[in-house]
Amino acid sequence: MAVYTEVSSKDARELLRRLQLGKLLALQGIEGGIENTNYFVTAEAGEYVLTLFERLTHEQLPFYLHLMHHLAHAGIPVPDPQADKRGAILHTVAGKPAALATRLRGKSQLTPQASHCAAVGAMLARMHLAGQDYARSQPNLRGLPWWNETVPVVLPYLTSEQAALLQSELAYQNHIAAGSSYAALPRGPIHADLFRDNVMFEGEELTGFFDFYFAGVDTWLFDLAVSLNDWAIDLPTGQHDSERAAAMLAAYQGVRPLTAAERELLPALLRAGALRFWISRLWDFYLPREASLLKPHDPAHFERVLRQRVQHPPAWLLSP
């Protein structure tokens with residue numbers, strides 16, 4: 001059970017009273033989280049998810065919570081943080097910063113077909129457009145500056161072959177980021193972690209995106225690349241799946257066509273997405289936080305994805 005902080009029924013009842021959501025009917029801890037403590041909350045007013053933030057502070061959280069609120073009210077199916085009578089959506093429960101957001105219907109689709117990938121692509125494009133007028137700004141905290149800081153920390157744990165790949169790819173991404181095409185990429189708030197387990201479906205219907213706590217302002221293309229690197233690959237080998245990738249990309253472009261700079265840099269950003277998650281998984285694996293209760297993800301997965309992206313540039317993605 002990934003519950004770092006115990007929430008009592010009394011704590012939950014007090015929060016529901018402040019939010020005017022009626023009586024507490026059920027409170028259940030959620031397994032599977034790594035960063036935060038999560039509970040399902042059933043109240044008279046409906047079904048919710050209570051999140052206690054174990055890493056993020058009261059000062060850091062408004063960007064994420066208000067982004068979710070903004071997107072929800074723009075018609076994007078995301079959890080909507082609930083406000084008290086003063087309009088505050090960031091609360092304190094058991095001494096921790098906390099939010100109570102609406103619970104999405106459905107379940108994660110962990111073996112997606114092309115139709116699921118198309119639904120994700122279309123909704124991701126809608127989300128990007130809906131976030132254009134979001135007033136708050138925060139950089140992607142796991143972007144290039146973090147990669148440059150973290151690679152030297154993890155290098156001592158790697159084989160010479162792994163270290164060579166990591167260093168050469170980091171140099172390549174710094175080169176790409178310094179170019180005029182990269183500067184021309186459209187930007188805005190991105191999810192930055194839209195893996196299969198962060199999307200809900202009921203059958204073929206996409207019912208929501210969640211877990212926005214790696215969000216930040218970055219290139220929309222990076223967000224699309226991160227999604228393609230999970231939804232449209234074979235998990236055991238890291239090899240691309242052309243049918244699923246084409247479905248996601250076509251659906252995305254049906255809502256927001258890619259610019260010339262984006263079409264040019266998609267192969268490079270696919271590599272960037274793989275590099276980002278290889279670095280973070282190396283960091284989690286070799287330098288875990290003491291409080292971590294779950295086994296970290298295997299870093300070798302995104303090493304395989306990166307090698308595939310380097311060795312097989314996906315020009316086929318952009319063919320007519």
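A search of the whole structure, which is a predicted model, finds twelve aromatic pairs. Among them is the pair formed by phenylalanine 63 and tyrosine 64, whose rings are 5.7 Å apart centre to centre, with 85° between the planes, and which is accordingly classed as edge-to-face. Both partners are withdrawn from the probe by the criterion of under 20% relative accessible area: phenylalanine 63 counts as buried because its relative accessibility is 5%, and tyrosine 64 counts as buried because the corresponding value is 2%. The two residues also belong to one aromatic cluster, in which Phe63 and Tyr64 are joined by Phe53, Tyr134 and Tyr213.

The second largest pocket has a volume of about 260 Å³. Its lining comprises 17 residues, of which Gly143, Leu144, Pro145, Tyr182 and Asp218 are the closest to the pocket centre. Four elements each supply at least two residues of this lining, namely helix H4 (144–154), helix H5 (160–177), strand E9 (216–219) and helix H9 (260–286). In chemical character, the lining of the second largest pocket divides into twelve nonpolar residues, three polar residues and two charged residues. Helix H9, one of the contributing elements, also contains tyrosine 286, which counts as partly exposed because its relative accessibility is 31%. The C-alpha atoms of tyrosine 286 and alanine 300 are separated by 13 Å, the two residues being 14 positions apart along the chain.

Helix H7 consists of twelve residues, 220–231, and its length can be compared with an expected value: at 1.5 Å a residue the helix should span 16 Å, and the distance of 17 Å between its end C-alpha atoms agrees with this. The expected figure follows because the rise is multiplied by one less than the number of residues. With respect to solvent accessibility, H7 is mostly covered, twelve of its twelve residues being buried. These buried positions include the aromatic residues Trp220, Phe222 and Trp231, and also Asp223, Ser227, Asn229 and Asp230. Leu221, Leu224, Ala225, Val226 and Leu228 are likewise among the buried residues of the helix.

Two residues in loops give further detail on the surroundings of H7 and of the helix that is numbered after it. Alanine 192, found in the loop between strand E6 (187–190) and E7, is buried because its relative accessibility is 2%; alanine 192 and valine 226 are 34 residues apart in sequence, yet their C-alpha atoms are 6.8 Å apart in space. Isoleucine 233 is placed in the loop between H7 and helix H8 (242–255) and is buried because its relative accessible area is 1%. Isoleucine 233 and alanine 245 are separated by twelve residues in sequence and by 7.9 Å in space, C-alpha to C-alpha.

Strand E7 (residues 199–202) and E8 pair in the antiparallel sense over four bridges, and within this pairing valine 199 has phenylalanine 209 of E8 as its bridge partner. The two strands form a hairpin with two residues between them, and glycine 203 in the turn has a positive phi of about 65°. Strand E8 (residues 205–209) is mostly covered, with four of its five residues buried.

Positive phi values also occur at residues other than glycine. Aspartate 211, in the loop between E8 and E9, has a positive phi of about 60° although it is not a glycine, and aspartate 211 is partly exposed because its relative accessible area is 29%. Alanine 94, for its part, is placed in the loop between strand E4 (91–93) and strand E5 (96–102) and has a positive phi of about 50°, again without being a glycine. A relative accessibility of 39% means that alanine 94 counts as partly exposed.

A further loop residue, alanine 135, lies between helix H3 (114–130) and H4. With a relative accessibility of 78%, alanine 135 counts as exposed, the threshold for that class being over 50%. Alanine 135 and histidine 66 are 69 residues apart in sequence, whereas the separation in space is 9.5 Å, C-alpha to C-alpha.

How values were computed
Residues are numbered from 1 along each chain as its sequence is written. This is a predicted model: local features need pLDDT of at least 70, side-chain atom pairs count only at pLDDT 80 or more; totals for chains, interfaces and linings use all residues. Side-chain values use heavy atoms; hydrogens and water are left out. On a 1 Å grid over the protein atoms alone, a cavity is a set of points where a 1.4 Å probe fits but cannot get out, and a pocket is an open set with protein on both sides within 12 Å along at least five of seven lines; lining residues have an atom within 4 Å of a point. Grid points are joined across faces, edges and corners, and a volume is the space filled by probe spheres set on the points. Ala, Val, Leu, Ile, Met, Phe, Trp, Tyr, Cys and Pro count as nonpolar, Asp, Glu, Lys and Arg as charged, and the others, Gly among them, as polar. Buried means under 20% relative accessible area, exposed over 50%, partly exposed in between (1.4 Å probe, protein chains only). Two strands pair if DSSP finds at least two bridges between them. Rings of Phe, Tyr and Trp (its six-membered ring) pair if their centres lie within 6.5 Å; planes under 30 degrees apart count as stacked, over 60 as edge-to-face and the rest as tilted.
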